[in-house]
Amino acid sequence: MSMLADEIANDPTAKGYAAYLADQPGQVVDLLNANTESMHKERWITTLTLMAELEIDMARSVLTKLEALSATDIVVKEFMAHLRSDKGADIGHPNTIAMIDLLMVVPAPAGFSAEEGAALKGLSLRPASRMEVLGLPYATEEILRTR
């Protein structure tokens, strides 16, 4: 809980915890639990998702690059296999984000451009609370008191 104590003491996102802490701890809890931020979260996508949510030229480019890279990279090969499955692949998993980051440093034309990488990672960005971003459970007044 030291992370929560640090969050409240330092207020790095300027939410104004100090103004409410003494008299209105419920307000601090609300600030901590409100979906005011975003983070990569679990999201299962397929190749159809890519074609539906990315511009078609970008989807074509991304899928072409993934297909080509899958011939020499087992991780990309497995990712592509999951993208083609009914369940899909988790685009928000930390390992997937890391894979995309690595493919952004592969020299052109094989690797992802900054725009392609950002678009892919953007598919997993979802609203999140400050507590989620910190990796902490849902805030309550009791948790606030025991920080």
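**Entry 1: two residues with positive phi**

I started at A14, which is exposed, with a relative accessible area of 67%. The model is a predicted one. I placed A14 in the loop between α1 and α2. I then looked up the backbone angle: phi of A14 is near 55°, a positive value in a residue that is not glycine.

I found D11 in the loop between α1 and α2 as well. Its phi is near 45°, again positive in a residue other than glycine. Is D11 buried or exposed? D11 counts as buried because its relative accessibility is 17%, and the cut-off for buried is under 20%.

**Entry 2: the whole chain**

I listed the secondary structure next. The protein has 10 helices and 4 strands. Along the sequence I read the pattern α-α-α-β-β-α-α-α-β-α-α-β-α-α. The radius of gyration is 20 Å, well over the 15 Å that the globule rule gives for 147 residues, so the protein is more spread out than a compact globule. I also noted the span of the C-alpha trace along its principal axes, about 60 × 30 × 25 Å.

I looked up burial for the chain: 39% of the 147 residues are buried. For contacts between residues at least 6 apart in sequence, I noted that 68% join residues at least 24 apart.

**Entry 3: the nonpolar cores**

Which residues touch the most other members of the largest nonpolar core? I found L50, L66, L83 and L120, in a core of 21 residues. Helices α5 (56-70), α6 (74-84) and α7 (94-104) each supply at least two residues of this core. The largest share, 6 residues, comes from α5.

I followed L50 outward. Not counting residues up to four places away in sequence, L50 touches I45, A59, V62, L63, L83, L120 and L123. I then noted a second, separate core of 13 residues, with L4, I8, L31 and L32 among them.

L31 and L32 led me to helix α3 (residues 25-33), where the buried residues are V28, V29, L31, L32 and N33. What do the buried residues of α3 pack against? I found α1 (2-10), α2 (17-21), α9 (130-134) and α10 (141-145).

**Entry 4: a buried glutamate**

I moved to E116, in helix α8 (residues 114-122). E116 counts as buried because its relative accessibility is 7%. I looked for a polar partner and found K65: a polar contact of 2.7 Å joins the two side chains. K65 also appears in the contact list of E116, which, leaving aside neighbours within four places in sequence, holds M58, S61, V62, K65 and G111.

**Entry 5: K41 and R126**

I went to K41, in the loop between β1 (37-40) and β2 (44-45). K41 is partly exposed, with a relative accessible area of 22%. Which residues does K41 touch, not counting those up to four places away in sequence? I listed D90, G92, S124, R126, P127, A128 and E132. I also checked K41 against L125: they are 84 residues apart in sequence and 6.3 Å apart in space, C-alpha to C-alpha.

R126 from that list was my next stop. I found R126 in strand β4 (residues 125-128). At 32% relative accessibility, R126 counts as partly exposed. Leaving aside neighbours within four places in sequence, R126 is in contact with E37, S38, M39, K41 and R43. I took one distance from R126, to G92: 9.5 Å from C-alpha to C-alpha, with their positions 34 residues apart in sequence.

**Entry 6: rings and a cis bond**

How many aromatic pairs are there? I got a count of 0. I did find a charge over a ring: the charged end of K87 sits over the ring of W44, 4.4 Å from its centre.

Last, I looked at a peptide bond. The bond from A108 to P109 is cis, with omega near 5°. I placed P109 in the loop between α7 and α8.

Notes. Residues numbered from 1 in each chain as written. Predicted model: local features only at pLDDT ≥ 70, side-chain atom pairs only at ≥ 80, totals over all residues. Heavy atoms only, no water. Buried < 20%, exposed > 50% of the residue type's maximum accessible area, 1.4 Å probe, protein only. Polar contact = N/O pair within 3.5 Å; in protein donor to acceptor, adjacent residues only side chain to side chain. Contact = heavy atoms within 4.5 Å. Phe/Tyr/Trp six-rings, centres within 6.5 Å; stacked < 30°, edge-to-face > 60°. Lys NZ or Arg CZ within 6 Å of the ring centre and 35° of its normal. Core = buried A, V, L, I, M, F, W, Y, C linked by side-chain atoms within 4.5 Å. Rg over C-alpha atoms; globule rule 2.2 N^0.38 Å.
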